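Colleague: Please take a close look at one part of this model for me, the pairing of charged side chains, and set what you find in the context of the chain around it.

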Amino acid sequence: MKYTAIIPAREGSKGIPGKNLKILCGKPLIQWTIEIAIKSTFIDKIIVSTDSVLIAKIAKSLGAEVPFLRPKELSSDSSKIIDVISYYLNELPKIDNFILM
């Protein structure tokens with residue numbers, strides 16, 4: 001069985017501002033997550049959910065899909081991840097099995 005990986009990576013963060021773009025051992029944090037998903041034998045599609053043009057650009061350059069930028073109402077500190085996932089499952093073509101990374 002193959003899965004679609006959904007990687008939430010919003011721009012804002014109270015704890016560590018811009019954390020998905022912070023460099024860790026020479027790579028942006030988002031790159032580490034995407035590379036692990038690419039290496040998985042269970043994942044055949046990678047979707048990054050972001051509200052950032054820069055995160056989207058990096059994700060696409062690494063082979064992930066960013067079908068659209070996440071709406072503002074799903075990008076705040078109070079946004080719930082279940083609402084983000086529900087939004088993506090409703091907006092994208094059929095996704096039978098997914099994993100949240």
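Modeller: By salt bridge I mean a side-chain nitrogen of Lys or Arg that lies within 4 Å of a carboxyl oxygen of Asp or Glu. The side chains of Lys-94 and Asp-96 satisfy this, with N and O 3.5 Å apart, and both of these residues are exposed. Please bear in mind that this is a predicted model. Searching the whole structure gives four salt bridges, among them the Lys-94 and Asp-96 pair and two further ones that I describe here.

One of these joins Asp-77 to Arg-10, where the closest N and O atoms are 2.5 Å apart. Asp-77 sits in the loop between helix H2 (53–61) and helix H3 (81–91), while Arg-10 belongs to the loop between strand E1 (3–8) and strand E2 (23–24), so this pair ties together parts that are 67 residues apart in sequence. As for its surroundings, Asp-77 is partly exposed, its relative accessible area being 45%.

Another salt bridge is formed by Lys-27 and Glu-35, with 2.6 Å between the closest N and O atoms. Lys-27 is partly exposed at a relative accessible area of 22%, and Glu-35 is likewise partly exposed, at 21%; since buried means under 20%, neither residue counts as buried.

The numbering places Glu-35 within helix H1, which covers residues 29–39, and that helix deserves a few words of its own. Ile-30, Gln-31, Ile-34 and Ala-37 are its buried residues to note, and because they cover an arc of only 125 degrees around the axis, they lie on the same side of H1. An α-helix has 3.6 residues a turn, so residues three or four places apart point the same way. The cover over the buried residues of H1 includes E1, strand E3 (27–28), strand E4 (43–49) and H2, whereas the face turned away from that buried side carries the exposed residues Ile-36 and Lys-39.

Turning to the chain as a whole, its secondary structure amounts to three helices and five strands, which follow one another from the N terminus in the order β-β-β-α-β-α-α-β. The radius of gyration is 13 Å, close to the 13 Å that the globule rule gives for 101 residues, so the chain is as compact as a globular protein of that length. Among contacts with a separation of 6 or more, 59% are between residues 24 or more positions apart, and 35% of the 101 residues count as buried.

Notes. Residues are numbered from 1 along each chain as its sequence is written. This is a predicted model: local features need pLDDT of at least 70, side-chain atom pairs count only at pLDDT 80 or more; totals for chains, interfaces and linings use all residues. Side-chain values use heavy atoms; hydrogens and water are left out. Helices (H or I, at least four residues) and strands (E, at least two) are DSSP runs, numbered from the N terminus. Buried means under 20% relative accessible area, exposed over 50%, partly exposed in between (1.4 Å probe, protein chains only). The arc is that of the directions from the helix axis to the C-beta atoms. Contact means heavy atoms within 4.5 Å. The radius of gyration is taken over C-alpha atoms; the globule rule is 2.2 Å times the number of residues to the power 0.38.
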